[in-house]
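Here are a few exercises to work through with the model open in your viewer. Try each task before you read the solution.

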Amino acid sequence: MDRDAEPRQITISFAGFNRAWAVWIGDRLERHGCRVTYLRWDPVVDVPLEEALSDLLLVRGRLLVVLSDWYFKLGPRSPEEWRRALHAVVAPNSHRFAAVTVDAQPVPPAAAAFGGAAELWGIGAREAERRLLGLLGLRAQRGSSLTSTGAHQSLRSGPRFPQEQPRVWSGVPRRNTRFTGREAILQDIYDLLQRAEPGAGVVTLTGMSGVGKTHTAAEYVHRFGPEYDMAWWVPADQRGTLRQRLAELAPALDLTTGADYGERLRAVREALRRGVPYTRWLLVLDGADDPAAIADLLPTGPGHVLITSQNREWDQHNTQLVELPVYSREESVAFIRRRAPRIEPADANELAEALGDLPLALDQTAGWLTDSTMSVTEYVRMLRDGADLEAGLRVAPDFPMSYYTAFSILLNRLRETAREAVELLRLCAFFAPGAIPVHLLRGVPTAELPEQLAGLMDDTLRWNAAVGRLVQHSVIRFEAPENDEDPTSAGTIHLHRMVSHTVRESMEEGDREVLSRAVRRSLAAADPLRPTDTRRWPRFAEIVPHLEASGALRSTHRDVRRLVFNCLRYLYLAGEYTAGVQLSERVEQAWREILAPEDPVLSDLASEQATLVRATGDYARCERLDRSVIEHLSVVRGERHPSVLRALEGLGADLRGLARYEEALEATRQALEGHQEVVGEADARTLNSRHNLAATLRLLGRYEDALELNRKNLADRRELLRSRHNYSLSSENAYALDLRLLGRYAEALSVQEQSVDVHRMVMGVDNPQTLTAEQNLALCVLRVGERAAAHARLGDLLERAERVLGEGSPLTLRIATCYAFVQRAHGNLDQSREVGEQVMERYRIQLGPHHPYTLGVTVNHALVLRAAGERQQSQLLTEECLADMARALGPDHPWTLGTALNASAARSLAGDVEGAVHLSRDTARRAAAMLGPRHPLSLSCQLALAMDLRSVRQNKDADQIEEEALSGLISTLGSQHIHTVSARDRARPYWDFEPLLT
């Protein structure tokens, strides 16, 4: 062997905890011509240390050992074992070994066997590289970071120097210096993320409570952090918290946005998707136990997402699951001895057996035993006896029993040494597990608390001491506020689900009632009160998760009831329909158990529930709910009571959804007249009734009447509320919609462009009201002739709506309908047909085969069939829909007229020219009477009539009608509009059905 070449082959031996150092060292050596092999030091406990070290000599070339406190403590091994092994193996082979130290702890004296180690900790990257090369006798290569004038840039390339954090770093828990094991798991996570395709780098770390998912994720961030430019840690147990933390990334990424967190969230998601400014980003979602609630918020892009969760349903959301089991017995013993050095290996094994190797139980118990005189054998005996604990609890192989028993002992001991901390923990247990905002906790009225706990709340020093003791014993985790300027931010306490359950179960019924009542009063006092104010939504998002845990759903207190109603209203306005329906159903179940069946509060709840259910498209159920409310409350409160009028408005919306538009008109008019009589014209409720009346008129095809109402309503809402109030924004969208339906496309576009910008800023990019406004804008863009831009907008909208609301929501189906007919216009017949058929089938199931929406999308489908050459089937469908639409809405409704326009074309193509002329003439006459002679649909009907007249050789009449129609198109749309150009080319006009707001 060429001895001169031998030093060029270098094997780096390192503890997994120091992987970042090993990778950086290896990268530097490879830049200087070395061949590097990595060998993680993880000796089996049963193998003598001397034998494990001797195995290192089997590799070729030199061995570079990365020394740290971790390297020596793996096992762990005693100092005497290390002294003997190093003397026996390293000292005789010192020419093969070299060593560097990478932490602040002094190495054991026995490390002198390496002949002196180069210290890399506490210095800069350039000096560390110089020392490394000097240790191995290597010369700096020409052009390297030590000889090049671009040294700084060279040092920045490749893995980051381990003592330099990623450029963006926030929320990551401090590194757990007692972290043990999980080497294979961490490597699996790394490999899965590295091998993933761009946009698919998502791994979910799942496992039972207390198994160490959060600590493992944190270790991954610290261990592999140098390979990322951004590491952002987000508590994901609540959707509101996740949205807020993602939005807070905007300034960290130097994104230019407004102050609204919805706008920031949109900008952040787009920046991560594009990988600008960083492609190497890592996002950790901790405690994401409800995939359905937050899966739509997962970013895509070139970076990686690591999720911790107890819920295995994440495998349905395009993520790879990695199961985190309890510790192996070897890991348990090593962890216990690291946590409590006085415990001998045999005792550690006994304790691990009793606790089922559950890391959380091991951490809490060993932490307490560190400061206790109790022996492990005595402690385990108490576990097995369970004499002073809840009946039925036994130490068993299954996790919950052993955990509850173990934690109860810890709790009893804490009562003796830190009673105030236990009292605080008992109070925390009546908030929901997970993140508890400290300002809610400290907002509990002291008058409602026991004396000792009340004093703790008023004394900052005692409060901090109590929190510190709970953190010390791993009972809670405290997260300090990152924004000191926010007066409502006092940090967050994280309470484990099992800790919460165990504490509650250990309490007497009387104590539970006192503390749960106190928490309910705190939540009621924190009620933001106005769910219509989007600026208060983050505060509602903090409160909603704690309603059930606090017992608020079963409370009879007036303020608590008001809070429950406000939270339900917030969930509706924020577009959290599914969560709102689920909460309303839990509230209903609780209230039916404690209230009389005739209690009017149940009817109020039913009205709120109907509003949420309506948003999911179940109009028949809503009609039953609203009619029941009206019938009951009219007797109890009177027909003109605001709650009855509100239910009457809801009934109008139900009837609109069921396409019973004349009935809806009557109900809505009654509600408007009632509000005008009871609260007057200048009241938000009256304006809501007027808004709903306009919606009903629009569905009846009375676009001018709807426009007149919405113009007045928009002005009144802006004056009464504010221009950026969500109700005012809703009126803007309705006004622009009416302008567009009347063919005033340029005016509609000018209104809607500005409105969408404000919607995004105020409501957030994924709020259903914003999506509705953006759909209207996309169609405004389409109608002014910009088909490609409209196509792109609708494609993006459909993806977002499916992600946020699901494929079957009313809004998603409206967007999908429009996307399908724009796809057809682009010539993408296969895509148009696939999407259109899916929508058609859903409407048939949800609304029935004769609902105008079902008929309308069938008419659109017939156009796809015609374009695909299936003319006979296309004509059959169109004629059937024309007859059904006329029966449902009458012959003069714009949707019937549009269907007739398509049917006349089908007849003409089939050779029934006389039938086409007859239908075209009747349709043109009715359209002019219903919509006016200059409406785009009326002009299209005239053009169709002219074409049909030519087919029967009535050219003079055809020329005159065509000339009038072209003149109308030029005067209303312009000479270069796509409809005008098509008319000049004598292209047959057609009509696309668009489902409208209900």
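**Exercise 1: Two arginines with unusual backbones**

Arginine 182 has a relative accessibility of 4%, so this residue counts as buried (buried means under 20% relative accessible area, exposed over 50%, partly exposed in between, with a 1.4 Å probe and protein chains only). Before going on, note that this is a predicted model, in which local features need pLDDT of at least 70, side-chain atom pairs count only at pLDDT 80 or more, and totals for chains, interfaces and linings use all residues. Residues are numbered from 1 along each chain as its sequence is written, and side-chain values use heavy atoms, with hydrogens and water left out.

*Task.* Find where arginine 182 sits, and work out whether arginine 953 is buried or exposed.

*Solution.*
1. Start with the backbone: phi of arginine 182 is near 65°, a positive value in a residue other than glycine. Most residues other than glycine have a negative phi.
2. Next, place the residue: arginine 182 belongs to the loop between strand S6 (168-170) and helix H7 (183-195). Helices (H or I, at least four residues) and strands (E, at least two) are DSSP runs, numbered from the N terminus.
3. Now turn to arginine 953, which also has a positive phi, about 65°, without being a glycine. Its loop runs between helix H43 (936-951) and helix H44 (955-972).
4. Finally, check the cover: arginine 953 counts as exposed because its relative accessibility is 74%.

**Exercise 2: A cis peptide bond**

*Task.* Which residues does the cis peptide bond with omega of about 10° join?

*Solution.*
1. Look up the bond: valine 276 and proline 277 are joined in cis. Most peptide bonds are trans.
2. Then locate proline 277, which lies in the loop between helix H11 (261-274) and strand S9 (281-286).

**Exercise 3: An enclosed helix**

*Task.* Why is helix H9 (residues 239-247) described as largely enclosed by the rest of the structure?

*Solution.*
1. List the buried residues of H9: Arg239, Gly240, Leu242, Arg243, Arg245, Leu246 and Ala247.
2. Draw the conclusion: seven of the nine residues of H9 are buried, so the helix is largely enclosed.

**Exercise 4: The whole chain**

*Task.* How many helices and strands does the protein have, and what does its C-alpha trace span along the principal axes?

*Solution.*
1. Count the elements: there are 45 helices and 14 strands.
2. Take the extents: the C-alpha trace spans about 115 × 75 × 45 Å.
3. Add the burial: 57% of the 998 residues count as buried.
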